[in-house]
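Me: Could you take a close look at the largest pocket for me, and at the aromatic pair beside the topic? I'd like one connected walk-through.

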Amino acid sequence: MKNKYNVLLSGIAFLSSGTLFAADFGVELAWNTDNVQEVMDTMSEQRTAFGKLVENGEIKDMFVADSNIDGKPIKLLRFVIEADSKQEVTDKLANLPLYQKELIKIENVRPLGSKWLDNTPVYNNYGVIFTWKDQIEPLEIDRVLGIDLQRVISLNQAGLVTSSYIDTQTLDNGTVRPVYSVSFLANNAQHARELSKQFEAVNLGYATVEVQYLGHKLELAR
């Protein structure tokens with residue numbers, strides 16, 4: 001635990017400089033068709049093409065959630081992909097068969113920073129993103145961040161947090177601070193929001209919380 005804590009503190013100091021060594025983006029897709037049969041006919045090609053991204057190590061996390069096309073149930077994938085920018089995310093996905101045939105569209109791309117914790121149990125996952133409020137003093141943010149990132153490690157060891165990413169956030173006054181997101185195992189969004197109250201930044205009212213359903217996390221096979 002001491003070694004992990006030392007690494008954690010080093011990571012905070014490194015991120016406080018505003019420099020990141022990698023970029024991971026959360027991607028949310030949405031169906032762009034009412035033709036479920038055409039989707040099913042393309043799925044084999046889609047799996048092969050997407051599998052190459054997994055084999056190359058470009059996919060960091062995958063989640064599968066229930067969805068439907070024209071009232072018919074079908075699974076929808078959400079994932080985290082490595083890229084230099086949002087545009088590169090779009091470029092990487094442009095070669096996927098479902099995207100080429102305009103059967104699916106990108107609903108949202110969110111920068112997550114760099115992955116630093118991982119665990120893959122098969123339960124419902126909810127993404128929770130913490131965003132600092134502008135009026136918090138930088139030294140106080142550093143103090144609270146040290147507490148909360150240690151809490152992420154503890155929750156990961158307890159099996160409640162399955163992934164965590166660290167990014168940077170630029171406040172209105174130009175200050176750059178580390179910001180983090182986690183994937184919780186939870187019964188529903190309200191449960192995930194309640195779990196977020198274990199963090200000092202939430203309890204003190206220093207950060208806002210955004211919750212998004214991710215689905216079941218999948219084991220990456222490379």
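Reply: Here is the pocket, followed by the aromatic pair.

This is a predicted model, where local features need pLDDT of at least 70, side-chain atom pairs count only at pLDDT 80 or more, and totals for chains, interfaces and linings use all residues. Residues are numbered from 1 along each chain as its sequence is written, and side-chain values use heavy atoms, with hydrogens and water left out.

The largest pocket holds about 420 Å³ of space. (A pocket is an open set of points on a 1 Å grid over the protein atoms alone, where a 1.4 Å probe fits, with protein on both sides within 12 Å along at least five of seven lines; lining residues have an atom within 4 Å of a point.) There are 21 lining residues, and Met43, Gln46, Arg47, Phe50 and Leu77 sit closest to the centre. Helix α2 gives the most, 6 residues, while β1, β2 and β3 each supply at least two. By type, the lining splits into 16 nonpolar, 2 polar and 3 charged.

Now for Phe50, one of those closest to the centre. The rings of Phe50 and Phe79 pair edge-to-face, because their centres are 5.1 Å apart and their planes at 70 degrees (rings pair with centres within 6.5 Å; planes over 60 degrees apart are edge-to-face, under 30 stacked, the rest tilted). Phe50 lies in α2 (residues 36-55) and Phe79 in β3 (residues 72-82), so the pair links parts of the chain 29 residues apart. Both Phe50 and Phe79 are buried (under 20% relative accessible area, 1.4 Å probe, protein chains only).

Note on methods:
Phe/Tyr/Trp six-rings, centres within 6.5 Å; stacked < 30°, edge-to-face > 60°. Helix = DSSP H or I, 4+ residues; strand = E, 2+ residues; numbered from the N terminus. Buried < 20%, exposed > 50% of the residue type's maximum accessible area, 1.4 Å probe, protein only. Points joined across faces, edges and corners; volume = space filled by probe spheres on them. Nonpolar A, V, L, I, M, F, W, Y, C, P; charged D, E, K, R; others polar.
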